[in-house]
Amino acid sequence: MRKKLKAVLFDMDGVLFNSMPYHSEAWHQVMKTHGLDLSREEAYMHEGRTGASTINIVFQRELGKEATQEEIESIYHEKSILFNSYPEAERMPGAWELLQKVKSEGLTPMVVTGSGQLSLLERLEHNFPGMFHKELMVTAFDVKYGKPNPEPYLMALKKGGLKADEAVVIENAPLGVEAGHKAGIFTIAVNTGPLDGQVLLDAGADLLFPSMQTLCDSWDTIML
């Protein structure tokens with residue numbers, strides 16, 4: 001694999017930051033205030049979608065209609081305020097060490113996230129200094145469809161001037177794994193949340209690890 005590899009495409013929430021417990025809690029609480037049901041575990045299943053997509057899925061299921069643009073903006077704003085009131089998400093154990101390995105091998109690390117959470121996006125340089133270039137990032141602001149559509153990863157390939165076999169995806173969410181797989185990129189899943197690992201394999205993961213630290217420890221073997 002190492003021979004062709006040029007870049008490693010990292011999801012952000014649940015891969016670089018241990019932020020998903022806060023995201024899932026914020027989604028659950030905000031939907032509850034609007035009389036809508038979105039469990040914390042279901043929030044993990046929606047991880048990777050744009051906020052608008054998640055809100056519309058809940059609206060269609062609970063109310064039988066799509067949310068208006070005003071409702072989407074209002075609910076996502078409420079969710080962002082609540083998320084930002086929680087303690088600052090820590091760097092995921094093993095993430096920094098893995099990024100150092102990636103950089104030392106001359107590979108380009110890129111962020112591909114469905115998040116539009118500015119507080120986390122702005123912390124990338126502070127928590128991972130010198131690792132990422134903004135012009136090579138793909139966020140919720142760059143895409144129309146978001147994960148599980150392959151659009152975010154196809155856009156990352158385009159931004160990086162890469163072919164699918166020149167990159168590797170690292171994801172923790174079923175929808176993100178599905179997006180990477182559909183984009184034709186070798187996809188490594190790290191199960192940093194409460195979901196059964198089989199869900200990630202069923203979504204198309206080529207390899208599955210129980211944590212970022214385990215992936216980091218196994219990186220040299222994978223790259224042979």
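**Exercises: two domains, two buried residues and some salt bridges**

In this predicted model, 23 residues of domain 1 are in contact (heavy atoms within 4.5 Å) with 16 residues of domain 2. Residues are numbered from 1 along each chain as its sequence is written, and side-chain values use heavy atoms, without hydrogens or water. Local features need pLDDT of at least 70 and side-chain atom pairs 80 or more, while totals for chains, interfaces and linings use all residues.

**Exercise 1. The two domains**

Find where each domain runs along the protein chain, then describe how domain 1 meets domain 2.

*Solution.*
- Step 1: Mark the bounds, which come from an automatic or database domain assignment. Domain 1 takes 1-17 + 89-219. Domain 2 takes 19-83.
- Step 2: Take the C-alpha centres of domain 1 and domain 2. They lie 23 Å apart.
- Step 3: Look for salt bridges (a side-chain nitrogen of Lys or Arg within 4 Å of a carboxyl oxygen of Asp or Glu). Between domain 1 and domain 2 there are zero.
- Step 4: Ask which elements of domain 1 give two or more residues to the side that touches domain 2. They are α6 (118-127) and α8 (174-182). Helices (H or I, at least four residues) and strands (E, at least two) are DSSP runs, numbered from the N terminus.

**Exercise 2. Leu157**

Is Leu157 buried or exposed, and which residues does Leu157 contact?

*Solution.*
- Step 1: Place the residue. Leu157 is found in helix α7, residues 151-160.
- Step 2: Check the relative accessible area of Leu157, which is 8%. That value makes Leu157 buried (buried is under 20%, exposed over 50%, partly exposed in between; 1.4 Å probe, protein chains only).
- Step 3: Set aside neighbours within four places in sequence. Leu157 then contacts Leu162, Lys163, Ala164, Ala167 and Ile185.
- Step 4: Pick Ile185 from that list. Leu157 and Ile185 are 28 residues apart along the chain, and their C-alpha atoms are separated by 9.6 Å.

**Exercise 3. Thr139**

Where is Thr139, and which residues does Thr139 touch?

*Solution.*
- Step 1: Thr139 has its place in the loop between α6 and α7.
- Step 2: Thr139 has 8% relative accessibility, so Thr139 counts as buried.
- Step 3: Leave out residues up to four places away in sequence. Thr139 touches Thr113, Ser115 and Leu121.

**Exercise 4. Salt bridges along the chain**

How many salt bridges does the structure hold, and which parts do the pairs of Lys4 and Lys6 tie together?

*Solution.*
- Step 1: Take the total. The structure holds 10 salt bridges.
- Step 2: Start with Lys4. Its side chain meets that of Asp165 at 2.9 Å, N to O. Lys4 lies in the segment before β1 (7-10) and Asp165 in the loop between α7 and β3 (167-171), so this pair links parts 161 residues apart in sequence. Asp165 is partly exposed at 40%.
- Step 3: Go on to Lys6. Its side chain and that of Glu166 form a salt bridge at 3.3 Å, N to O. Lys6 is in the segment before β1 and Glu166 in the loop between α7 and β3, so the pair ties together parts that are 160 residues apart in sequence.
- Step 4: Compare accessibility within this pair. Glu166 is buried at 10%. Lys6 is partly exposed at 43%.

**Exercise 5. A pair and a network**

Describe the salt bridge of Glu62 and Arg61, then name the residues that shared partners join into one network.

*Solution.*
- Step 1: The side chains of Glu62 and Arg61 meet at 3.3 Å, N to O.
- Step 2: Glu62, at 33% relative accessibility, is partly exposed. Arg61 is partly exposed too, at 40%.
- Step 3: Salt bridges that share partners join Asp11, Lys147 and Glu171 into one network.
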